[in-house]
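Student: I've got this one open in the viewer and I'd like a close look at a single part rather than a full tour. Could you take it slowly?

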Amino acid sequence: MNGDETSAQLSRLLVRRSSFVRALAERPRDKRGLAADLDTSRSTVDRVVRDLLDAGFVERADGRYRLTCVGRCALGAYDECLDSLRGVQAARDLLSMLPTDAPLDPAFLAGASVHTSTPDIPDSAIRELFSSVESAERVYGVAPVALVGQLRPFYETATEGGTVVEMIIADELLDRLAAAPDSHAVITDQLRHESVTLYRGEAPFRFGLWVTESEAGVVVYPDTGVGGVARNDTEAAVEWATEQFEALRENAERLTLDSLDGVPDDG
């Protein structure tokens with residue numbers, strides 16, 4: 001049996017016998033205790049314990065069975081997988097608005113809170129972005145798409161308390177923003193702001209991304225505007241979003257007033 005087959009077999013064992021593994025994770029038990037606590041027959045307990053012993057998930061000590069290090073690690077990996085699947089399910093409507101190759105890591109979705117826009121409250125999702133950045137000490141972001149009317153409110157919210165803001169604006173988006181007088185003025189004001197640094201560069205995905213010191217988020221833009229927002233404050237989510245930003249920043253060009261004025265301005 002190769003490694004993939006062994007992993008699949010162990011996965012099936014965890015799925016079918018997770019209640020037994022969790023019971024033994026709480027505390028060691030003998031077979032009688034397992035049968036009573038899980039309300040199952042002794043013959044079932046005999047069979048499950050044998051399978052768990054063969055898999056190396058449990059060991060016998062002093063007449064009772066307890067999880068091995070292998071068993072605890074396997075249970076942890078199984079729970080992480082369940083969390084990711086729950087996150088994908090919760091974000092199903094949001095994910096359906098993205099291209100099939102959108103590089104969203106399942107680690108970001110595990111434990112995320114998802115907010116989709118509704119016809120009666122069309123700006124409810126974008127409020128989630130604002131509430132995330134308004135009290136942050138720093139905000140990093142990637143903007144492949146933007147709603148022009150939200151530019152000034154976003155920057156005012158983000159910088160109100162002296163927040164350090166670094167934002168990568170996609171090349172194509174920046175050209176459009178710089179060509180329109182209103183958005184050109186917003187970008188000019190931000191370039192003059194001592195705590196704001198703007199970059200122009202490649203944005204290889206179609207969702208907006210932001211990360212603070214304690215939370216990460218994505219904004220999905222279908223053709224109709226803001227489709228929804230997902231926020232996550234787990235360490236894995238913040239780490240993933242930070243890595244995405246830093247990788248893009250390495251190849252981005254810092255924007256200055258001179259370089260902005262070098263972009264054609266229709267106004």
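Let me get my bearings before the close-up: in which helix is Ala 35 found? After that, please walk me through the sheet and how strand 4 sits in it.

Tutor: Sure, and keep in mind that this is a predicted model. Ala 35 belongs to helix 2, which covers residues 31–37. Its relative accessibility is 13%, so Ala 35 counts as buried, the cut-off being under 20%. If you want a ruler across the model, try Ala 35 and Ala 90: they are 55 residues apart in sequence, and their C-alpha atoms are 35 Å apart in space.

Now for the sheet. It is an open one, built from 8 strands in the order 3-9-8-7-4-5-6-10, and its pairing is mixed. At the edges you find strand 3 (113–116) and strand 10; each has a single partner strand, so each has one side with no neighbour in the sheet.

Zoom in on strand 4, residues 138–143. Of its 6 residues, 5 are buried, so the rest of the structure largely encloses this strand. On one side, strand 4 runs parallel to strand 5 (residues 164–170), and 6 bridges join the two. Here Arg 138 stands opposite Val 164 of strand 5. Strand 4 also pairs with strand 7 (residues 207–212), but that pair is antiparallel and joined by 4 bridges. In that pairing, Gly 141 faces Trp 210 of strand 7. In general, strands of a sheet pair through backbone hydrogen bonds, either parallel or antiparallel.

Step past strand 4 to the next pairing: strand 7 runs antiparallel to strand 8 (residues 216–220), with 5 bridges between them. One spot to click on is Val 211, whose bridge partner in strand 8 is Ala 216.

Back to the edge at strand 10, which covers residues 253–254 and contains Arg 254. Arg 254 has 55% relative accessibility, so this residue counts as exposed. Arg 254 and Ile 168 are 86 residues apart along the chain, while their C-alpha atoms are separated by 8.7 Å.

Just ahead of strand 10 in the numbering comes helix 11, residues 235–250, where you'll find Glu 235. Glu 235 is exposed, at a relative accessible area of 69%. Together with Asp 105, Glu 239, Glu 243, Glu 246 and Glu 250, Glu 235 forms a negative surface patch.

How values were computed:
Residues numbered from 1 in each chain as written. Predicted model: local features only at pLDDT ≥ 70, side-chain atom pairs only at ≥ 80, totals over all residues. Heavy atoms only, no water. Patch = residues over 30% accessible without salt bridge, like charges linked within 9 Å, V, L, I, M, F, W, Y side chains within 5 Å. Areas by Shrake-Rupley, 256 points an atom, 1.4 Å probe, with all protein chains shown as cover. Salt bridge = Lys/Arg side-chain N within 4 Å of Asp/Glu carboxyl O. Lys, Arg positive; Asp, Glu negative; His and termini not counted. Charge placed at Lys NZ, Arg CZ, Asp CG, Glu CD. Buried < 20%, exposed > 50% of the residue type's maximum accessible area, 1.4 Å probe, protein only. Pairing = 2+ DSSP bridges.
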